[in-house]
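Please examine the sequence and the structure shown below. The paragraphs that follow lead through selected parts of them.

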Amino acid sequence: MKKLFLFLSIFCLAVTSAGCSGGGKGADSSGKDVITVWTFPHYRENAETGQKSYEQHLQELIAEVEAENPDIKVKYEILSWDEGDKKFDIALNSGNPPDIFFSVMEPKFIKTGLAVPLDDYLDKSDLDDLEPFAINNFSIDGKLWAISQWISIHTWGGNRTMMEEAGADIAKIQSEGWTWQEFYDIAKKISKEENGKKIYGFATQGKNEETFTHLMRNNGVIKSVTEEGKFMWDGDKAVETLDFLKKMMDEGVMPKETAGIDAAKVEDMFKAQEVGIYGRTGPYQVRFNDNRNKEIDAGKIEGEKIDFVLLPFPHNEGEKEVATGGGGGMWLFKQKNYKGDKHTENAAKVLKHITGTKSSVTAATLFIPPSRKSGQEMFADLLQLNTDNGKFIQRTLGYVVPGAKLEPDLAQKSTQILNDGIRPKFQGFLAGELSSEETVQQWTKVAEGILK
């Protein structure tokens with residue numbers, strides 16, 4: 001199946017005479033104020049469907065803002081996913097970042113004093129148009145530091161036919177959520193041997209702790225490390241969550257080999273209908289699945305069509321359902337050799353336009369909900385927001401919770417805890433080498449040593 005977009009691993013294209021330079025030098029030879037934008041190749045052109053690339057959509061937005069502001073010239077670069085962040089860090093540390101840069105929430109940017117809060121450049125209508133998560137995700141100390149074009153919602157995915165045969169009420173699950181026990185009962189009924197083939201109720205990749213994180217969030221523990229530097233995966237709830245995973249592996253609801261399964265393998269198992277429910281995926285999978293079904297109908301590929309449904313993460317009894325999401329946004333920067341208020345104002349105009357309502361086409365292309373409510377309305381048909389899956393996405397936007405926003409030093413320690421403690425011990429747990437209690441004890445010891 002050919003996917004609508006492809007994240008490229010090595011791709012750095014300089015599309016203007018600026019090449020791969022830093023933040024620019026202000027006015028060009030014509031006297032126009034030069035605004036620099038660095039971003040990434042979020043999706044590529046699809047000749048079969050006539051779909052434009054992210055770069056083409058960006059070019060259209062830039063042409064519009066230049067036409068509206070004859071005194072502004074925008075120069076942009078599409079950075080590579082492998083090297084782009086490093087290139088930006090070098091530019092930022094040298095005091096010469098681009099005026100606008102696409103990134104996730106990074107408190108370290110703010111610490112440099114070069115990131116510019118957007119509050120003075122936005123009015124009430126701008127803020128009212130943004131989904132609450134888009135504001136919360138990029139706010140620190142009451143200031144907004146970036147504008148998202150989309151919200152990357154994390155979900156689970158399911159095979160409607162297999163789930164309904166097991167007694168699942170899909171409409172109820174999508175509209176009201178489900179508990180761990182309700183999910184387990186359905187997954188257990190799906191699990192069976194059929195014609196010599198093992199069918200699992202649930203499967204997920206075991207290369208990292210992502211699924212555990214989602215379950216912990218739905219067991220009342222939102223963060224592994226808080227902004228105050230407290231490690232939160234050290235108690236009974238962590239043991240309880242690991243026990244739940246172990247129960248599914250022990251009883252054949254999940255593969256015992258989960259430690260060695262990656263995301264691609266899980267998706268292959270789901271397509272082969274060897275799995276009824278899997279984690280994780282997101283709204284983009286709706287379009288991928290639609291395209292796959294069309295290719296099966298056209299005889300381009302072999303396989304059985306799947307009626308794909310997006311599913312919320314189940315929550316433990318008595319706990320609040322929590323959705324997880326993220327996504328980058330466009331940041332505004334000044335340079336060490338400050339170019340003046342007018343230059344920053346012009347850069348803010350460009351940022352607002354390339355993240356405005358029309359820019360929601362980029363989210364719709366990725367089949368991810370736009371951050372702007374007006375964008376959701378503009379591209380409602382393309383996003384299929386009137387379908388059951390679309391209505392579920394809209395509901396989910398109401399309870400997406402941001403992760404921790406850690407200061408640079410604490411963020412580094414959190415990463416060390418993850419790499420030295422959580423991931424290796426979680427792998428040992430999945431492989432059956434550690435019990436739930438031993439896993440929590442060992443990664444807690446690592447965390448305490450790092451955070452002391």
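**Surroundings of Phe333 and Ile100**

Phe333 is in contact with Phe88, Leu92, Pro97, Pro98, Asp99, Phe101, Phe109, Leu114, Ala115 and Val116, leaving aside its neighbours within four places in sequence; contact here means heavy atoms within 4.5 Å. The model is a predicted one, in which local features need pLDDT of at least 70 and side-chain atom pairs count only at pLDDT 80 or more, while totals for chains, interfaces and linings use all residues. Residues are numbered from 1 along each chain as its sequence is written, and side-chain values use heavy atoms, with hydrogens and water left out.

Phe333 is placed in the loop between β14 (329-332) and α13 (341-354); helices (H or I, at least four residues) and strands (E, at least two) are DSSP runs, numbered from the N terminus. Because its relative accessible area is 1%, Phe333 is buried; the term buried stands for under 20% relative accessible area, exposed for over 50%, and partly exposed for values in between (1.4 Å probe, protein chains only). Phe333 and Pro117 are 216 residues apart along the chain, and 8.7 Å separates their C-alpha atoms.

Ile100 belongs to strand β4 (residues 100-103). With a relative accessible area of 0%, Ile100 is buried. Not counting residues up to four places away in sequence, Ile100 touches residues including Ile35, Val37, Trp38, Met330, Trp331, Leu332 and Ile354. By contrast with these contacts, Lys256 lies 47 Å from Ile100, C-alpha to C-alpha, at 156 residues apart in sequence.

**Two glutamates in loops**

Glu321 lies in the loop between β12 (308-311) and β13 (323-326). Its relative accessibility is 12%, and therefore Glu321 counts as buried. The side chain of Glu321 makes polar contacts, each being a pair of N or O atoms within 3.5 Å; within protein, one must be able to donate a hydrogen and the other to accept it, and residues adjacent in sequence count only if both atoms are side-chain atoms. One such contact, of 2.3 Å, is with the side chain of Tyr399, and another, of 3.3 Å, is with the side chain of Arg395. Beyond four places in sequence, the residues that Glu321 touches also include Glu176, Gly177, Asn218 and His315.

Glu131 is found in the loop between α4 (124-129) and α5 (132-137). Which side chain of opposite charge is nearest to Glu131? It is that of Lys373, 5.5 Å away, and Glu131 is buried yet has no salt bridge. For charge, Lys and Arg count as positive and Asp and Glu as negative, whereas His and the chain ends are not counted. A salt bridge is a side-chain nitrogen of Lys or Arg within 4 Å of a carboxyl oxygen of Asp or Glu. Among the residues in contact with Glu131 are Ile151, Pro370, Lys373 and Leu397.

**Salt bridges**

The whole structure holds 22 salt bridges. Glu60 forms one with Lys52, with the closest N and O atoms 2.3 Å apart. Glu60 is partly exposed at a relative accessible area of 36%, and Lys52 likewise counts as partly exposed at 36%.

Asp307 and Arg160 form another, their closest N and O atoms being 3.1 Å apart. Asp307 lies in the loop between α12 (284-297) and β12, and Arg160 in helix α6 (residues 160-165), so the pair ties together parts that are 147 residues apart in sequence. Asp307 is partly exposed at 38% relative accessibility, whereas Arg160, at 18%, is buried.

The side chains of Lys305 and Asp297 also meet in a salt bridge, 3.2 Å from N to O. Lys305 has a relative accessible area of 45% and is partly exposed; Asp297, at 55%, is exposed. Salt bridges that share partners join Arg160, Glu164 and Asp307 into one network.

**Backbone geometry**

Most residues other than glycine have a negative phi, and most peptide bonds are trans. The peptide bond from Gly279 to Arg280 is cis, with omega near -10 degrees, and Arg280 lies in strand β11 (residues 275-281). Gln273, in the loop between α11 (263-271) and β11, has a positive phi near 60 degrees. Gln273 is buried, with a relative accessible area of 16%. For Gln384, phi is near 55 degrees, also a positive value; Gln384 lies in the loop between α16 (380-383) and α17 (388-396).
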